[in-house]
Each structure stands twice: as structure tokens, then as C-alpha cells.
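Okay, thanks everyone for coming. I have a few minutes on one protein chain, so let me put it on the screen and talk you through it.

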Amino acid sequence: MQSFRNHRIDRRRFSIGSAAAFAAVPFMPGINLAAQDASPAAFEGGEDQLEIFSWWTAGSEAAGLEELFNAFSATAPDVEIVNAAVAGGAGSNAQAALQTRLQGGDPPDSWQSHPGEELLARYVEPGFCEPITYLWDEEGWNDAIPEGLAEQSTIDGEKYLIPVGVHRGNVMFYNRQVLEDNGVEIGDSISVDDFFAACDTLQGADVTPLALGSIDGFEAPHMFECILAATLGPESYNGLWTGEVGWDSEEVTSAIETFARALDYVNEDHPALTWDGAMEYVLDGSAAFTIMGDWAWGNVVLQEREDEFGYVAAPGTENAFITVVDGFTLPVNAPHPMNAEQWLRVVGSAEAQITFAPFKGCIPARTDVDTSQLNEYGQWSANDFANLPSLPSNAHGAAASPQFQSSISEAIVTFLVDKDVAMLQEALVFGAEDAGLGQ
Ligand code: GAL
């Protein structure tokens, strides 16, 4: 096969324009289309396919991905897009399937990854990714992507990923009618104590207070990291992942106790339920709350039911933004390297990101977009993202090495059954030691 670098030279010969000018004007909830009515920039790379790998198969995820596909197709209408998505929240099945492909020398043309530890350990260190620093330079992404995200996408001075969207992990969604029926009021934020008081009221009325799905192994760790952020505060939370704050601290004990208490209010069938199954309980009124990343809000947008539901920072976390970033990579030996490169140009463009965001429930990774074009949720999130400390997510690959991440998930699976606070803390301390976090 011709080397990637040669393909790149070919691509420059064939490419007529950058993705920045394509016209993607499908229905976009809450978005003003006028500003994006530009002509498509044609792209002719001479390759017939583009294979994209992700785990975006649930409602809002699939809808968001479709928007990115539409954006690509607007620039390259003759290219067949092969959607190689593997279902399972937070990549629970996809990441293993992708490893098998990469190790077998069978990469897709691009795959979804979180920047940070996941990008580094799973993909860049083993040599599966091509640097895309030249694309950052050519497309002006250095001026558009916030510094923190750019840093997380950079390894040894080279960029390996273009961020597409920024999710907030620490959000609690609620069913307005269920709360109203039970006399529970939610303001702009909610403390942990007020949350538990609301849960007591709801449980007393035979309503499931907190919907949880734990089938994919990331959902309970996701809830736990929200509780860690609430209990420790942003600075100490960050210190847990750098080794500056000990996992044996009293604050961590207290966070685990709060976690155990929260689990008293969840649906019993959580081991058989996905994150979107849990969100469905809130949507159909059988539960009041769920704590999840804002991809869950995408499902509300998709059903056009924004008036019936509310959102607030997860209890006690209104001063923090747990950041879950999605991006795409360029593989070594991409089967269709010119299309792969065009895909990255498209998903890095302002137009694609602003079209994608409401469906996916995220905000664009680019900060040079006019946030008044976002829906109400997006404006809330963009404002908090701009003003609050950004905390890395462990459940979504940024904070810890894959090994530490999976030892946390495994320990939490056990905890869901035995609720043994000391045992969980011990497992976390061991996991941190193994990860070289110096305790
Ligand atoms: C996250 C990912 C989100 C969303 C979520 C649930 O890891 O960043 O985009 O897909 O998993 O599957």
C-alpha cells in the first residue's frame, strides 16, 4: 500500500477547498440556520469509502453521528460512509473491538476517542495514530480549540486528535411533572443534602428517586466521580488524578459513604439497564432523576420534549464542569487516507460542530462559534464551561490510565453489591499505587 504521506500529497493535489465552507442545513433543533447557509466545498479524493468507528448507537448518539456523516457527504457526495459503530455506553464494547482490529492491522479510517490518558495509552503509545498537527495548522484549529483541550490532544509536541464536542458529565436531569406532583422544587443548583431530602420524599410516594443503569460498567463510576467532585471540590478532585491528594483521605471515605447512600434510592433493575434505559425511566415518569452526561439531554432534544424536563449540575457540583470530550483520530495505514483526512477537516469545522451539538447534547469544542446559535441547554453548558474549573472524567478516559480506570470500575461493580465502604477505598488506594500515583 502507498504510504500515508504520499496519500497526503495526492490529497493536496485533488482537494478543491476546505471543509469549512460546506452547507449542512438539515433540521437543527434550537439553531438559527441563516448564518450557515454556505455553498458546499467539493472534495474529490478518488477513494470510494470512508469507515468510521465509534460507539454512537443510542438515540442522541446515532443522531449526532448522522449529522457528522451528512456534513462529510455534503463535501464528498460520492463517498460511501461505512458506519462501523459498536454499541455499548462509553465504549464498553467498542474499545475492545477496536483494539482487536488495530492489533490485527485492520484500522477503520477514523475512530472516536477521548483525549487525555485514553488517547495516549490505547492509541498513540502503541503506534496506532498518525500525528495531525499539520491539520491543526492548516485549519486554524489552534485559535479555535481551547488550550486545555489542545493540550489533552497533544503528545510529545504532536496533535493526535481533533475534538468535536464537549459534554458535561456532572448533570442531573429530572422530570418536571414527577417533581411537581410530589412537591419537590429545584432551583439553579441543588446541594447533596437537599437532593437526599427530595429522594426521601419521592421514595415515600413510591416513585423511584434516582434512575441508574449499570450494565456497561461506566455508569456507576460516572455517578461516583460526580460525588467525588461534590465532596472534595474541584482542586482536590483534580489532585486525586495527579497523586497530590490521597485516595486514603477522609474526604474519599465520606464520598464513598455518600455514594452508598445514593444507591439506596436507585431502581433495582440497574444491573440490566443502560444509561439511556435509565434516562427512559425519567422520560416516561417512572423515575424522577438521573445523573448522567449530557448526551442524555440529546435524547430529550430528539423527542422535542425540552419543556417537560429540567437539568441542574449534579448535587453539590455547581462550581465544577466535569469535561467529557469526544474527538477523532487519524490511523497509521488508514484504508482511505484522503477521505479520512477530509473527515477530520469536516468534523473540526465550526459548521459541523454546531450542527452536531444539539443532537448529541454537547457544545462545540470550538470556542469561536456564536453560542447564541446553541439551544438553551447548550447556552447554559457553554457558559459554565467558559467560567468553571474543568475537571477530567475518569469514567470517560481522560483522568486515569486505562488500568486504573478499569480497576475503579471493577471495584465499583463489587461495591454495588456489598456496599463495603472500606473495601472500595482499599481497592482505590491499591489502584492508585499501581498507577504510580505515589501513595
Ligand atoms: C462517552 C462519550 C459520549 C457518549 C457516552 C455514552 O464516553 O464521550 O459521547 O457517547 O460515552 O455512550
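Before anything else, one cut-off: when I say buried, I mean under 20% relative accessible area, and exposed means over 50%. And please keep in mind that this is a predicted model.

Let's start with the cysteines. Cysteine 362 has a relative accessible area of 3%, so it counts as buried. Cysteine 226 is buried too, at 3% relative accessibility. So what about disulfides? In general, a disulfide is a covalent bond between the sulfur atoms of two cysteines. To be counted here, the two sulfurs have to sit within 2.5 Å. Now look at cysteine 362: the closest cysteine sulfur belongs to cysteine 226, and that is 17 Å away, so it's too far for a bond. For cysteine 226, the closest cysteine sulfur is in cysteine 199, at 14 Å, which is also too far. The count for the model is 0 disulfides.

Next, the overall layout. The chain is divided into two domains, and both are made of two stretches of sequence. Domain 1 takes 2-165 plus 324-385, while domain 2 takes 171-319 plus 401-434. Their C-alpha centres are 29 Å apart.

How many residues are in contact across the two domains? On the domain 1 side there are 25, and they touch 19 residues of domain 2. Putting the domains together buries about 1,800 Å², with carbon and sulfur atoms giving 63% of that. Three residues stand out on the domain 1 side: Ser60, Tyr377 and Trp380 supply 28% of the area that domain 1 buries against domain 2, more than any other three residues.

As for polar features at this boundary, there are 0 salt bridges between the domains, but 5 residue pairs do make polar contact, counting pairs with both residues at pLDDT 80 or more. If you want to see which elements of domain 1 touch domain 2 with two or more residues, look for α2 (59-75), α4 (117-124), α15 (350-360) and α16 (376-387).

Now let me zoom in on histidine 114. You'll find histidine 114 in the loop between β3 (110-113) and α4. Is it buried or exposed? Buried: the relative accessible area of histidine 114 is 2%. Leaving out residues up to four places away in sequence, histidine 114 touches a set of residues that includes Trp55, Leu161, Asp326 and His396. The side chain of histidine 114 also makes a polar contact with the side chain of glutamate 118, at 2.7 Å. In addition, the histidine 114 side chain reaches the backbone oxygen of histidine 396 at 2.9 Å. Glutamate 67, by comparison, is 47 residues from histidine 114 along the chain, and their C-alpha atoms are separated by 19 Å.

Last topic, backbone angles. Most residues other than glycine have a negative phi. Here are two with a positive one. Alanine 90 has a phi near 55°, and it lies in the loop between β2 (80-83) and α3 (94-103). Glutamate 304 has a positive phi of about 55° as well, and that residue sits in the loop between α13 (295-302) and β10 (309-313). Which of the two is buried, and which is exposed? Alanine 90 is buried, with a relative accessible area of 13%, whereas glutamate 304 is exposed, at 58%.

That's it from me, happy to go back to any of the views.

Note on methods: Residues are numbered from 1 along each chain as its sequence is written. This is a predicted model: local features need pLDDT of at least 70, side-chain atom pairs count only at pLDDT 80 or more; totals for chains, interfaces and linings use all residues. Side-chain values use heavy atoms; hydrogens and water are left out. Buried means under 20% relative accessible area, exposed over 50%, partly exposed in between (1.4 Å probe, protein chains only). Domain bounds come from an automatic or database domain assignment. Contact means heavy atoms within 4.5 Å. Buried area is the accessible area (1.4 Å probe) that two parts lose on being put together, summed over both. A salt bridge is a side-chain nitrogen of Lys or Arg within 4 Å of a carboxyl oxygen of Asp or Glu. A polar contact is a pair of N or O atoms within 3.5 Å; within protein, one must be able to donate a hydrogen and the other to accept it, and residues adjacent in sequence count only if both atoms are side-chain atoms. Helices (H or I, at least four residues) and strands (E, at least two) are DSSP runs, numbered from the N terminus.
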